[in-house]
Each structure stands twice: as structure tokens, then as C-alpha cells.
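Please open the model in your viewer and keep the selection tool at hand, as this tour moves from one selection to the next.

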Amino acid sequence: MNPDLRVQIEKYIESLFVPLDPVLTRNIADAEAAGLPAIQVSPNQGKLLYLLSKMCGASRVLEIGTLGGYSTTWLARALPDGGTITSLELDQTHAEVARKNLERAGVGARVVIHVGPAEQTLQQLIEQQVPKFDLIFIDADKPGYPRYLDLSLQLSRPGTVVLADNLIRDGGVLDAVPEEENARAARAFNAILAADARLESIIIPVLGKKVDGMSISIVK
Ligand code: SAH
Ligand code: DHB
Ligand code: MG
């Protein structure tokens with residue numbers, strides 16, 4: 001499928017199901033103005049995150065990789081009253097931009113951002129025996145995914161939904177040894193995910209100028 005057609009289909013779906021939203025537009029504009037990379041999920045994927053979270057009735061959500069809080073906003077909007085998101089971010093600047101964006105979106109009170117390496121924070125959450133999460137979205141550094149998955153499973157219960165972003169890398173994962181580091185990491189992670197007997201999983205393609213993919217798993 002040529003890239004133009006992919007973008008047209010993406011925009012067609014967006015025009016039907018993801019109305020323009022000033023808060024989300026401003027989120028992306030402010031993140032860009034602050035020098036953050038524009039690597040947030042697409043609008044359609046944001047809507048998908050929102051729907052998946054509602055479908056599983058998630059009230060405790062864990063996000064690994066906050067950036068400017070774009071996906072966080074979608075997930076926060078899906079929460080029932082009293083629901084919370086714990087979002088992990090390495091970069092202090094990203095976390096500050098995200099906090100402002102989340103406040104403006106009116107969901108600041110539902111989100112706690114932990115700044116630091118996600119692996120360390122996850123270990124702390126496990127030690128603190130926080131209540132299990134209902135939905136976990138993995139979207140930080142790609143080589144860290146296998147570790148994040150393992151630690152996430154210690155914060156899960158049967159039925160927890162686990163999602164992971166950027167697993168197709170425009171087909172880069174089809175090569176036995178992908179050139180791009182993130183594609184190499186995604187290919188390794190995909191094999192681990194497929195073989196993990198604790199989960200039932202699939203990857204759905206995500207259309208855009210490039211094709212990417214997101215895994216959807218449920219903990220057995
Ligand atoms: N989920 C966001 C995008 C996240 S981009 C959205 O869709 O809107 C990936 C983020 O992971 C970046 O902000 C990056 O700083 C962060 N990150 C990278 N390495 C990390 C680590 N070791 N621990 C926590 N966060 C990390
Ligand atoms: C890229 C995209 C992402 O969604 C992400 O989380 C990290 C990197 C990228 O295209 O490089
Ligand atoms: Mg991503």
C-alpha cells in the first residue's frame with residue numbers, strides 16, 4: 001500500500017471518529033515548542049487507547065513513557081471517577097511539559113508522574129506493593145521493553161491488559177537483523193511477547209505515513 005493511501009485512510013478514519021480537540025492540539029504545540037520530539041501516538045491510536053481502557057473498565061492505569069502527556073490525556077479521559085494514572089518518565093523536562101499539559105486538560109489531579117529510569121520506578125512500585133494495575137501501556141525506550149514487560153507482570157493480575165507501542169517500525173522488524181536500533185529491539189520484543197506463556201497477545205498494525213504497530217495482551 002502506498003504511503004499516500006495509508007495517510008488518506010488514516011485521515012478518513014480520524015475525520016469520522018476523532019474530532020479536532022483544542023486541548024490535544026495545544027498539547028502537541030506546546031511539546032513541540034519545548035523541543036520535545038513529535039513521537040506521541042497518533043490521534044486514532046489515542047482514541048484506541050481510550051476505548052481499550054474503557055472496555056476493560058480500567059481505573060488503575062500504568063504508563064511507561066510520558067513525553068508531553070498526549071497519550072496520558074487520552075487514557076485519563078477514559079477513567080471513571082476516582083481512577084488514576086501512574087506515568088513514568090526519565091526526562092525532567094518532558095515531565096514538566098506533561099504536567100502543564102495535563103493541568104490544562106483538566107486531568108492533572110488523576111495523574112502522578114514519576115521522574116527517573118522506568119526500571120527503577122517499577123521496582124519501587126513492586127516493593128511498595130501498590131495495588132495491581134488494570135491496564136499498562138509500555139511506550140518508553142524500546143530496548144527496555146522486555147524488562148518493562150517482566151516488571152509490569154509483577155504489577156498485574158489475571159485480566160490486566162498490557163499494550164506496547166512501536167512494534168512494526170515501518171516493516172523494519174521483518175528483517176532478521178534490522179538496521180534501526182528500535183526495529184531490532186521491537187523484533188526481539190515481539191518474539192519474547194509471542195513466546196510468553198503468561199499472556200495471550202496480538203499486534204495490530206497502526207497506519208500512518210509509516211506503518212507501525214501496537215501489541216494488545218491480556219494476562220492469563
Ligand atoms: N506515550 C507518549 C510517548 C512516549 S515517547 C505519547 O504517546 O504521548 C517515549 C518517552 O519515554 C520519552 O519521553 C522518553 O524520555 C521516555 N523514556 C526514555 N527512556 C526512558 C526510561 N529509561 N525510563 C522512563 N522513560 C524513558
Ligand atoms: C518513535 C516513535 C514512538 O512512538 C516512540 O515511542 C519512540 C520513538 C520514533 O518514531 O522514533
Ligand atoms: Mg510510541
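Begin by selecting ligand 1 together with its surroundings: in this predicted model, 20 residues lie around ligand 1, and those that come nearest are Gly65, Ser71, Glu89, His94 and Asp139. If you colour this shell by residue class, you should find that it divides into ten nonpolar, six polar and four charged residues.

Next, look at individual atoms around ligand 1, taking the side chain of serine 71 as your starting point, where an N or O atom lies 2.8 Å from a nitrogen atom of the ligand. Then select alanine 118, which takes part through its backbone instead, with an N or O atom there placed 2.9 Å from a nitrogen atom of ligand 1. Valine 41 also offers a polar backbone atom, and this one is 2.9 Å from an oxygen atom of ligand 1. With these contacts still on the screen, consider how much of the ligand is covered: ligand 1 on its own has 590 Å² of accessible area, and the protein covers 90% of it.

Now move the selection to ligand 2, which is surrounded by Ile39, Asp139, Lys142, Asp165, Asn166 and Arg169. Keep Asp139 highlighted for a moment, since you have met this residue already among those that come nearest to ligand 1, and here Asp139 appears again in the surroundings of ligand 2. By class, the shell around ligand 2 consists of one nonpolar, one polar and four charged residues.

Which residues place a polar atom beside an oxygen atom of ligand 2? Isoleucine 39 does so with a backbone N or O atom, at 2.9 Å, while asparagine 166 uses a polar atom of its side chain, also found 2.9 Å from a ligand oxygen. Aspartate 165 likewise contributes a polar side-chain atom, which lies 3.4 Å from an oxygen atom of ligand 2. As for the cover over this ligand, ligand 2 taken alone exposes 290 Å², of which the protein buries 72%.

For the last stop, leave the ligands and turn to the space inside the protein, where the structure holds one cavity of 30 Å³ or more. To find the largest cavity, select Ile28, Ala31, Glu32, Leu36, Pro37, Ala38 and Gln40, the residues that line it. The space inside this largest cavity amounts to about 30 Å³. If you colour its lining by class as you did for the ligands, the residues divide into five nonpolar, one polar and one charged.

Methods
Residues are numbered from 1 along each chain as its sequence is written. Chains are lettered from A and ligands numbered from 1 in the order in which they are written. This is a predicted model: local features need pLDDT of at least 70, side-chain atom pairs count only at pLDDT 80 or more; totals for chains, interfaces and linings use all residues. Side-chain values use heavy atoms; hydrogens and water are left out. A residue is near a molecule or strand if one of its heavy atoms lies within 4 Å of it. A polar contact is a pair of N or O atoms within 3.5 Å; within protein, one must be able to donate a hydrogen and the other to accept it, and residues adjacent in sequence count only if both atoms are side-chain atoms. Accessible areas come from the Shrake-Rupley method with a 1.4 Å probe; for residues, only the protein chains shown count as cover. Ala, Val, Leu, Ile, Met, Phe, Trp, Tyr, Cys and Pro count as nonpolar, Asp, Glu, Lys and Arg as charged, and the others, Gly among them, as polar. On a 1 Å grid over the protein atoms alone, a cavity is a set of points where a 1.4 Å probe fits but cannot get out, and a pocket is an open set with protein on both sides within 12 Å along at least five of seven lines; lining residues have an atom within 4 Å of a point. Grid points are joined across faces, edges and corners, and a volume is the space filled by probe spheres set on the points.
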